[in-house]
Amino acid sequence: MNKRLGAISQLIKPQSVVADIGSDHAFLAIDLLTKREAQHVYNIEINALPYKNTINNLQKHALLDRTTNILGNGLQTNAITQLIDVCVISGMGGLNMIKILSEANPTIKIKQFILMPNNNVIRLRAYLVQNGYKVIYEENIIDRKRSYPLMQIIPIQI
C-alpha cells in the first residue's frame, strides 16, 4: 500500500461502512477489511479492467462477502442502501470529484468524505464551500516527491 492510501486508511474508524469511488485494485478495501476492521466496503469503479482487478484481488483475500462491488459511475448508483460512514474519493482530479459529488444519487446518505485530489484543488475547495461542505481535517501527504492534499469533509446540514 502506498503512503497516500495508508494516510486515508488511518482516518477511517473500525466498524465503518465505507464507499471507495475509483477502487482500482481494491487495495484500500483489503487494508480496511483486514487491518482496520471495517464493517463493509462498497467498491465503485467506472472502468471494466480496474473493476476486474477489484474482484480478483478481493477473491484472493477471501473478502468478496464483506464488499459490494459496483461497475458504475461514481455515486450515481442505486446499489448503496446503507448509511455510509466514510466515502473516499482519491486518485483523480478535483474536477472529476466535483462531477461525482454534484451527480450523486440524493438517496445515498454519507456522514463524511475523504478527498485526495491530484489537481484543481482550488476549484474543488470553491465547490465544497458553495455546496455546504466543511473541512474538518487537512494535511499534505508527500508520496514519490509529490504533494497531495488530504481533506476530511462533512456535509453541513442547512
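Which residues does Q82 touch, not counting residues up to four places away in sequence? The legend to Figure 1 gives the reply, and the model shown in every figure is a predicted one.

**Figure 1. Surroundings of Q82 in the loop between β3 and β4.** Leaving out residues up to four places away in sequence, Q82 touches V17, Q39, H40, Y42 and K109. The relative accessibility of Q82 is 28%, and Q82 therefore counts as partly exposed, being neither under 20% nor over 50%. Q82 and S102 lie 20 residues apart in sequence, and their C-alpha atoms are 20 Å apart in space.

**Figure 2. The open sheet and its strand order.** Seven strands make up the sheet, which runs in the order β3-β2-β1-β4-β5-β7-β6 with mixed pairing. Strands β3 and β6 (133-143) are the edge strands, each pairing on one side only. From one strand to the next, the twist averages 15°. Helix α4 (residues 94-102) packs on the sheet and touches β1, β4, β5 (110-117) and β6. The direction of α4 makes about 145° with that of β4. Helix α5 (residues 121-130) also packs on the sheet, where it touches β5, β6 and β7 (146-155). The direction of α5 makes about 5° with that of β7.

**Figure 3. Parallel pairing of β1 and β2.** Five bridges join β1 and β2 in the parallel sense. I21 has I44 of β2 as its bridge partner. Strands of a sheet pair through backbone hydrogen bonds, in either a parallel or an antiparallel sense.

**Figure 4. N69 in strand β3.** N69 has a relative accessible area of 17% and is therefore buried, the limit being under 20%. Apart from neighbours within four places in sequence, N69 is in contact with N43, Y51, T54, I55, L58 and L64. I44, the bridge partner of I21, is 25 residues from N69 along the chain, and the C-alpha atoms of N69 and I44 are separated by 6.0 Å.

**Figure 5. The hairpin of β6 and β7.** Strands β6 and β7 pair in the antiparallel sense over ten bridges, and two residues lie between them in the hairpin. N140 stands opposite P149 of β7. R144 is placed in the loop between β6 and β7, as is K145. R144 has a positive phi of about 55° although it is not a glycine. K145, likewise not a glycine, has a positive phi of about 65°. R144 counts as exposed because its relative accessibility is 70%, over the limit of 50%. K145 is also exposed, with a relative accessible area of 86%.

**Figure 6. Helix α2 and the elements that cover it.** Helix α2 comprises residues 27-34, and six of its eight residues are buried, so the helix is largely enclosed by the rest of the structure. The buried residues of α2 are L28, A29, I30, D31, L32 and L33. The cover over these buried residues includes the helices α1 (3-10) and α3. It also includes the strands β1 (17-21), β2 (40-45), β3 (67-71) and β4 (84-92).

**Figure 7. The crossing of α1 and α2.** Two packed helices are described by the angle between their axes and the distance between the axes. The axes of α1 and α2 come within 10 Å and cross at roughly 40°. At that angle α1 is oblique to α2, because the value is neither under 35 degrees nor in the range of 65 to 115. The crossing of the two helices is right-handed. On the α1 side, L5, I8 and S9 make the contact; on the α2 side, F27, L28, D31 and L32 do so. By class, this contact has five nonpolar, one polar and one charged residues.

**Figure 8. N57 in helix α3.** N57 lies in helix α3, which spans residues 48-60. With residues up to four places away in sequence not counted, N57 touches H25, F27 and I30. F27 belongs to the contact of α2 with α1, and I30 is one of the buried residues of α2. N57 itself counts as buried because its relative accessibility of 12% is under 20%.

How values were computed: Residues are numbered from 1 along each chain as its sequence is written. This is a predicted model: local features need pLDDT of at least 70, side-chain atom pairs count only at pLDDT 80 or more; totals for chains, interfaces and linings use all residues. Side-chain values use heavy atoms; hydrogens and water are left out. Helices (H or I, at least four residues) and strands (E, at least two) are DSSP runs, numbered from the N terminus. Buried means under 20% relative accessible area, exposed over 50%, partly exposed in between (1.4 Å probe, protein chains only). Contact means heavy atoms within 4.5 Å. Two strands pair if DSSP finds at least two bridges between them. Axes are lines fitted to C-alpha atoms, for helices over the stretch in contact, and angles run from 0 to 180 degrees between N-to-C directions. Angles under 35 degrees count as roughly parallel, over 145 as roughly antiparallel, 65 to 115 as roughly perpendicular and the rest as oblique. A crossing is left-handed if the near helix is turned anticlockwise from the far one by less than a right angle, and right-handed if clockwise. Ala, Val, Leu, Ile, Met, Phe, Trp, Tyr, Cys and Pro count as nonpolar, Asp, Glu, Lys and Arg as charged, and the others, Gly among them, as polar.
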